[in-house]
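I opened a fresh notebook page for this one. My entries follow in the order in which I looked things up.

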Protein chains: 2
Amino acid sequence: MRSLDTLTFEDRGSPAQRERRRRILEAATALAAKGGFEQMQMRAVAEHADVALGTLYRYFPSKIHLLVSVLAQQFEVAGENLARKAVPGDTAADRVMFVLGRTTQTLQREPNLTEALTRAFMFADASVAQEIDVVAAHVRRMLLLAMREPGTPVDVPEPTEEEVAITKVIGDVWLASLVQWVTGRASAHDVATSLDVAVRLLLREPRPLA
Amino acid sequence: MRSLDTLTFEDRGSPAQRERRRRILEAATALAAKGGFEQMQMRAVAEHADVALGTLYRYFPSKIHLLVSVLAQQFEVAGENLARKAVPGDTAADRVMFVLGRTTQTLQREPNLTEALTRAFMFADASVAQEIDVVAAHVRRMLLLAMREPGTPVDVPEPTEEEVAITKVIGDVWLASLVQWVTGRASAHDVATSLDVAVRLLLREPRPLA
DNA sequence: CCCGAGACTGAAACGTGTTCTCATTATGCA
DNA sequence: TGCATAATGAGAACACGTTTCAGTCTCGGG
């Protein structure tokens, strides 16, 4: 079965097909925002998007694939917004915290949607690797952008191993915190605190060679 | 050794009930070890444990509850083994890495079981908070034990905020790495590397390394 | 314009987690 | 002991993700 959903593949197909895909993602987003993971049901998505259930499954081979694709779409928008103007903050830690705080706030404004997307992301297995990579790349890029001096291109010069390692750790902490938040095991404040601690510990200055 | 509250809960009921509970956990563990999350099916657990399906659900209100309870049990055993002798290593980082490496290795020796337990843990919602807390407490305790000088009791003196924050971050990274491993998005080596990086960054000695 | 290959639809069907029903058995108490 | 209550067993039933299938529609090549 052909997978249709990475960015490069998104533009494939006839206009009618792109339109169907758009309607499906829109319906999935709306339903997830309304009732979270459990209430975003495949039959309901198909109905709202006005496609047959079989067609929905041709476009997205599982509920998890669909939700992770929604997540990728959300991060794409967030990444674009972020790239529009320079990240404020004097130190890397400040800038990273700004980005994390802003994105986290956006996510928390739609708690049901975030719950659905986070759980899907966590439950995804190897078959969703392609979609997962899209999301991971967005996150990595956002964090690297923030760690660099404002105005510096994100990939020139190549990020150091240390920088990549730090973005990985921060991404992990962010994800784990979000999971705790969506499952009601941590408050929004707890999430902010965890991130603050992690960023302070990881990006404290001056950074001795590690 | 009854160090944690679960045991008080676990010991409730008649001998026949405790025996049923034991058989259920045993069957769940065996089935998960054999076929992972998907193949640990509730009907099969009930059959292997020789209880009716309804009874299984009276003891564990969902598959997730059951698997997280198995996880708590596993960590209890691991914690006991760990407490038996002092953690080797000259620095906190060394000792934490030792504990993480050893536990991770144990988990990776039963990949299907670990997959099942990790996914259940990640998928758990607020209704599983009690079981989740047991697991989290075990992890926190293990890491604090390793960070302290060998022989120091883990709770005397009270862990500092910084110590607790660090254990939280390390726990998050550990969990995120495990998720990536069980979903085939990272190799065992990748997990070790992630943990090593995180621990080095978080627990680097105050003075630049000698 | 027509044809054939896919794509789409509508509906049924399947698998597994979960719930429900009701008869039977175990338990604790007067 | 005998009874009220709760726990258990056996199995049907239900919900939702997923698959399948027969028929219909669409579209690009001849």
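Before anything else I fixed my burial terms: buried means under 20% relative accessible area, exposed over 50%, and partly exposed in between, with a 1.4 Å probe and protein chains only. I am working on a predicted model, where local features need pLDDT of at least 70, side-chain atom pairs count only at pLDDT 80 or more, and totals for chains, interfaces and linings use all residues. Residues are numbered from 1 along each chain as its sequence is written, chains are lettered from A and ligands numbered from 1 in the order in which they are written, and side-chain values use heavy atoms, with hydrogens and water left out.

**Entry: Thr104(A)**

I started with Thr104(A), which lies in helix α6 (residues 92-109) of chain A. For elements I use DSSP runs numbered from the N terminus: helices are H or I with at least four residues, strands are E with at least two. Is Thr104(A) buried or exposed? Its relative accessible area is 6%, so I logged Thr104(A) as buried.

Next I checked polar contacts. I count a pair of N or O atoms within 3.5 Å; within protein, one must be able to donate a hydrogen and the other to accept it, and residues adjacent in sequence count only if both atoms are side-chain atoms. The Thr104(A) side chain reaches the backbone oxygen of Leu100(A) at 2.6 Å. It also makes a polar contact with the side chain of Trp174(A), at 3.0 Å. With contact meaning heavy atoms within 4.5 Å, and neighbours within four places in sequence left aside, Thr104(A) is in contact with Trp174(A), Val191(A) and Leu195(A).

**Entry: Ala146(A)**

I moved to helix α8 (residues 129-147) of chain A, where Ala146(A) is found. Ala146(A) counts as buried because its relative accessibility is 0%. Not counting residues up to four places away in sequence, it touches Ala92(A), Arg95(A), Val96(A) and Val99(A). I also took one C-alpha to C-alpha distance: Ala146(A) and Thr91(A) are 9.4 Å apart in space and 55 residues apart in sequence.

**Entry: Asp50 in both chains**

I looked for odd backbone angles. Asp50(A) is not a glycine, yet it has a positive phi of about 60°. It sits in the loop between α3 and α4 of chain A and is exposed, at 62% relative accessible area. In chain B, Asp50(B) also has a positive phi of about 60° without being a glycine. Asp50(B) is in the loop between α3 and α4 of chain B, and it is exposed at 63%.

**Entry: the two chains**

How is chain B related to chain A? I laid chain B on chain A with an RMSD of 0.1 Å, by a turn of 179° and a shift of 0.0 Å along the axis. That is the relation of a two-fold axis. The same surface serves both copies, as 97% of the contact residues of chain B recur in chain A. The superposition is by least squares on the C-alpha atoms of residues with pLDDT of at least 70 in both copies.

The contact takes 30 residues from chain B and 32 from chain A. About 3,000 Å² is buried between the chains, and carbon and sulfur atoms give 62% of it. Phe123(B), Arg185(B) and Arg204(B) supply 22% of the area that chain B buries against chain A, more than any other three residues. Buried area here is the accessible area (1.4 Å probe) that two parts lose on being put together, summed over both.

**Entry: DNA strand C**

I call a residue near a strand if one of its heavy atoms lies within 4 Å of it. Of the 17 residues around DNA strand C, Arg20(A), Thr55(A), Tyr59(A), Arg43(B) and Lys63(B) come nearest. Sugar and phosphate account for 63% of the strand C atoms that come within 4 Å of the protein.

Three side chains have a polar atom at a phosphate oxygen of strand C: Arg58(A) at 3.2 Å, Gln41(B) at 3.0 Å and Tyr57(B) at 2.9 Å. The largest share of the surface near strand C, 3 residues, comes from α4(A).

**Entry: DNA strand D**

Which residues are closest to DNA strand D? Among the 17 that surround it, they are Arg43(A), Arg20(B), Thr55(B), Arg58(B) and Tyr59(B). Here I found backbone atoms at phosphate oxygens: Met42(A) at 3.1 Å, Lys63(A) at 2.9 Å and Ala52(B) at 3.0 Å. α4(B) gives the most to this surface, with 3 residues.
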